[in-house]
Each structure stands twice: as structure tokens, then as C-alpha cells.
Amino acid sequence: MNRPAEVKQPVVPVERPAALSTEARAGTVKSAVEGGADTPFRQALREFVANPFAVFGAVLLTLLVFGAIFAEALAPTNPYDLTKLDLMDALQPPGTQNMDGSVTFLLGTDGQGRDMLSAMLYGLRTSILVGVSSGVIALCVGATIGIVAAFFGGWIDSFVMRIVDLQLSFPSILVAMVLLALLGQGVDKIILALVIVQWAYYARTVRSAALVERSKEYVEAAICLGIGRTPVMFRHMLRNCLPPLIVIATVQVGSAISLEATLSFLGLGLPVTKPSLGLLISNGFAFLMSGKYWISLYPGVLLLVTIIAINLVGDHLRDILNPRLKR
Amino acid sequence: MTSFLARRLLQSAFVLFAMSVLVFVGIFAIGNPVDVLISPEATQADRQRIVESLGLDRSLIEQYVSFVRGVFDGDFGKSFVFKISAIGLILDRMPATLELAVSAMVLSILIGLPLGMLAGMHPDSFLGRSIMAGSIVGFSMPTFWVGLILILVFAVYLGWLPSTGRGETVTVLGIRWSFLTLDGLAHLILPAFNLALFKISLVIRLTRAGMRDALASDYVRYAIAKGLYPRRVVMVHALKNILIPLVTVLGLEFGSVIAFAIVTETIFAWPGTGKLIIESISVLDRPVIVAYLMVIVLMFVTINLIVDITYSILDPRIRIGGATS
């Protein structure tokens, strides 16, 4: 997300082994990606920049995140300030002119006279917040479980993978729906449900990457040197499992945003007081049949653009980071 | 083959048992259905009587045991709301959902397979790249939003196709079907396409990847060198090998089509099981929720089983590997 920071990262002296120099900053995917000033990272960055679609997706994504973070400053009105709402403004089509020819509601208003553009910016923030936070938590949980399963093997491994297989054999929307029926509505509830839905993908990915690393000599060497199991797993092995993890994380955040929108549309996700893009679309559904398209259409376009931007980036990250394609 | 079958059947039975416990305990934890079902004015005696008649006063284990006993008699309990058998209610709605899901699968193969083969044969051409770009868009579009746009364009603005319900149905073998009448077909097109869109993208990608692998392989080069028509090589030799992963994925995806039908049915007011479960969740109609989930679980387990068996027939290495290990 924070692209300029990558460039400003201090270059780590080359003579130090890469494994040690980046050790201090390991832990999160972001720091590992940005901090690795070693050649593979630069090479990946160069390959990434060479693809116009990927750069387009990355720029678009940066703009969207910027818009979501600074929604208060950018939105023309505060859509949730009830004192500012006027029912006289309800259901104005996009670009309706005031008496003096100026335009207050660029993208029209909804049934309560709320400015759609402002509601969309606030909604985007909720959508991205839910998608990213559930993705990050699921990544931490899934990666930990996956790497522990791969490291210890035996019954722990088969037990964990049975659960993963079982869960992945059911579609995520069904699992999330049942969970939300149990948990009720709320931002924390939907994040929890999305974490439970997603952790298995991360666990499976990390496990299969870690199994390969487990048999390598550096792990053997680290264990022989008397380094504890935890540092071996999380400092040494996890770093080498990062490429597939980054790819799956990108894709999963996109699908989490989409899933949240779908659940909110069905009335199972977020409370009405904190509408995401999905809930905005759902609100507009009632007006769709009478041709008042803008209430559903524009939040949907924004949702689509967000997901496409994420998928463009994810798709090309996969091409870059997949060693099988480099033969 | 026999030991492979036996092992898979045993696994399936265990999954069914585990899921029934999970579902039952999970549903048990959802708020108290009595609060939803009984009016606040009811007297304490009335409440007590209804709680007892629904069996809600017994312990969780007792309720589970009587539930399992009922299941073996084909009885999943009575719907709290409709007062009729929960499983009957679901089976009554199931044909509509299956009709929608099967139509969507057929559409996804009819559209996705040729496009994917084209993209695989000409990966660097404009056509190939456009198909792939289209599939990324198809992957990215949330099902429910596409449904809204389809309604907006084809029902509201163009007025070509209806947007709600199943239309005219014909009763064949005691079940009502939409796809046998012109009106029913018109009602089916939009929801089926809506549901198929994601799978079309999936089929395109799988077919393209499979085609590229196949065309680079030795057996295809050998077949070409032997002087077979390229057309025959692609349509017979390559296609057969592409179909193996495709069968697996599509088989497994059939369950997810049924699950996503919940969304499509809600948008297009299609009277199937998906609409029923959303309504049941909102009123906490426990027997219907449990019965629906168990039917879905059974369906998933069966699909997984069928896919595994088909797979082992298509690719004997799986079966042999499974038997020796």
C-alpha cells in the first residue's frame, strides 16, 4: 500500500548475510517485503514495474486507499451527520443542478437525501478496513498454524490438515453465513467470521511451502546450532515461505471485501449504522426497479474497481513470485 | 478399487457425523427461538407448554440423540414457522435450486471451454489476451452486483426478460420444472447466467492452463510428428488430459454453485432453498436451518466421493497409489 516507502528504505550492506540483516524486521509481510533490499526483492520490483497492467492496478489501489483513509476530508458532506440531512434532497439523480446551476450532489442522493459520493467514500473505508484487517489476522493465525504443522509433522500435521481440508470443502459464503447467523451483526463479528473462513487458505499455503523448507539444510543447520524451535520456524523458515504467502494474501483481501459486500447485501453483515459498499448497494436495490439506478450502480462500480485493482496486482505478483513459471 | 472405495466411504461417513454434531451444537448456540416464536403477551404456562412441545426443555445431548433417531427415520423435525416437516420443505424447494445450478454449470462449460481452448492455443494473440482480461473481470465481479446490473439492463431498461420468479412451470415426474416452457426459460436465463459468470472465468483459466501444458508436452508433439491432424490432436489427445482437472474442479464447484445460489435466488426471487434458508435464519427456524445444512453437507460429501471415484477411473495412478500406500 505504502509504495514510496519502499524506495526510501536504507540499503543494507551487501557483505552481511541477507538472512541476518533483515532478521530484525521480519514478522510482518509488509516489513519483509519492503525491508528486503536484497536482489530478489529488487528483481521482483523491476519485473512488477515492467508490467503496465500491474502498475495501473497498484496506482489505482493507492488512490482508493488514499480516498478511503481521508474520506472525511475528501467527502463533500458528512453522510452520517443526521442534522445535515434533508429529505427534500432525497433521490436526486446524479448531477442535479441547483437554482444557480451549481451541482451539490455529483453522483445523486439516496432515499434519505444522503450524498452518494460521500456515502461511497465512507463505505469504501469500511469495506477496506474489514477486508484488510480480517486478511491480516487470518494471515497471522493461518501462517502460524501452517508452519507449526509443517515443522512438527506427524499427528499434528495430519490433524491440522484434516480440519483445513474439511473447511475448504465447504464454500466460504456458506460458512460465513452460518457463522454470522450465530454471531449476529457488527464490524467485529464480520471480521471474526471472515478470519474463520480465511485462515485455512493461509495455513495450507504456508504448510506446503514450509514442508519444502523443512527438508533444506539451513533448517537442519539451525537446529544443530541449538537455535530454539520458535526462532527457526518464524525467523528462518517463515521468511522463505513469503512469496506464496504474499500472493495468497493479495487475492484473499480482494475476496474478503467481495464476501463482506455479499453478506452485507443479504443483510447478514454490518449494522445499518456503518454501511459498507455492499450495504449501500443493498439499499439501492429497492429503488432499482423504478429506474433510480445510481444508488446501487455507483457503489457497485467502486467495489468492482477496488477488487479488480487488487486482483490485477495479485495476478502479476503470482506470475513474478512463482518459480515454476521462470524455467 | 474395493479398498479404495471402502476407505473413502468410511471417511465420508465420519465427516457426516462430525458435521452433524458441529451444526447441531452451533445452531443450539444461536439465540432462543422461543423469544421469536412466542408473543410477549403469552402467559408463563403457555410458554412452558410450547417449549415442551418443541422439545426445547431437554438437554443438548438428549435433543441431539432424538434428532439423530429422527434422521434415520427420515424426519428432521417440524419447521417452527411452517409447522410442516423441515426436510419436506427443503426437498420441495430443492428442484428449483438444482435446476438453476445445473443450468449455470452447463452454461459455464458451453461458454468457458471453447474460450479457454482458444486462449490456450493462442496465448499471445489479441484474442487470447482479451479472453484472459475478461476472465479477470469475471472473477472480480461480485455475484450479487452482476445480478443487479442484469436486472437493470435486461428487465428495467430493455424490458426483454423478466427478473423475478420461475415463470410458467410444467410438472414432469411430480416435480415442477421451468426449463420446459418458453416463459420458464425466459425466467431462467438471467439467474442462470448470473450464477454461471464466476464459473465461466474459472473454466476459461483451467482450460487455458491445461491447454498450454498439453501443447508443450511430448505426447502432443509426437502425435503431430506422427502426422495426425492438429485438429484431432487438440480435440482428442489434448482435450482428454485437460478434462481431468476440469472434472475435479467443476465437481467440487457444484457445491459452491448451490451455496452461491443463495445470493442469486435472493436477487431474482427464485423460490429455491437459498431463499428459504435466508428467511429461516432471520426467524431462527432451527429445524429448517439444521435440515438445510445437513442436506448441503450430504451433498458435498457425495460430490467429493463421486469426484474422487471419477478421478480414480480417469487416472488409474490415483487408485493404485491409494491402494499401495
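**View 1. Helix α9(A) passes helix α13(A) in a right-handed crossing.** In this predicted model, α9 comprises residues 172-183 of chain A and α13 comprises residues 242-265 of chain A, and the two pack with their axes 11 Å apart, at an angle of about 50 degrees. Because angles from 35 to 65 degrees fall outside both the roughly parallel and the roughly perpendicular classes, α9(A) is oblique to α13(A).

**View 2. Residues that bring α9(A) and α13(A) together.** From α9(A), the residues A:S172, A:I173, A:A176, A:M177 and A:L180 take part, and they meet A:L259, A:T262 and A:L263 of α13(A). Sorted by class, the residues of this contact comprise six nonpolar and two polar ones, with no charged residue among them. As background to the spacing within such a contact, an α-helix has 3.6 residues a turn, so residues three or four places apart point the same way.

**View 3. Helix α10(A) and its kink centred on A:Q198.** Helix α10 of chain A runs over residues 187-214, and its 28 residues reach 38 Å from the first C-alpha to the last, which is close to the 40 Å expected at 1.5 Å a residue. The kink in α10(A) amounts to about 35 degrees.

**View 4. Helix α7(A) against helix α10(A).** The axes of α7 (residues 116-152 of chain A) and α10(A) come within 5 Å and cross at roughly 35 degrees, and α7(A) passes α10(A) in a right-handed crossing. The contact of α7(A) with α10(A) holds 21 nonpolar residues, together with six polar and two charged ones.

Definitions and conventions
Residues are numbered from 1 along each chain as its sequence is written. Chains are lettered from A and ligands numbered from 1 in the order in which they are written. This is a predicted model: local features need pLDDT of at least 70, side-chain atom pairs count only at pLDDT 80 or more; totals for chains, interfaces and linings use all residues. Side-chain values use heavy atoms; hydrogens and water are left out. Axes are lines fitted to C-alpha atoms, for helices over the stretch in contact, and angles run from 0 to 180 degrees between N-to-C directions. Helices (H or I, at least four residues) and strands (E, at least two) are DSSP runs, numbered from the N terminus. Angles under 35 degrees count as roughly parallel, over 145 as roughly antiparallel, 65 to 115 as roughly perpendicular and the rest as oblique. A crossing is left-handed if the near helix is turned anticlockwise from the far one by less than a right angle, and right-handed if clockwise. Contact means heavy atoms within 4.5 Å. Ala, Val, Leu, Ile, Met, Phe, Trp, Tyr, Cys and Pro count as nonpolar, Asp, Glu, Lys and Arg as charged, and the others, Gly among them, as polar. The expected span of a helix is 1.5 Å times one less than its number of residues. The bend at a residue is the angle between axes fitted to the seven residues ending there and the seven starting there.
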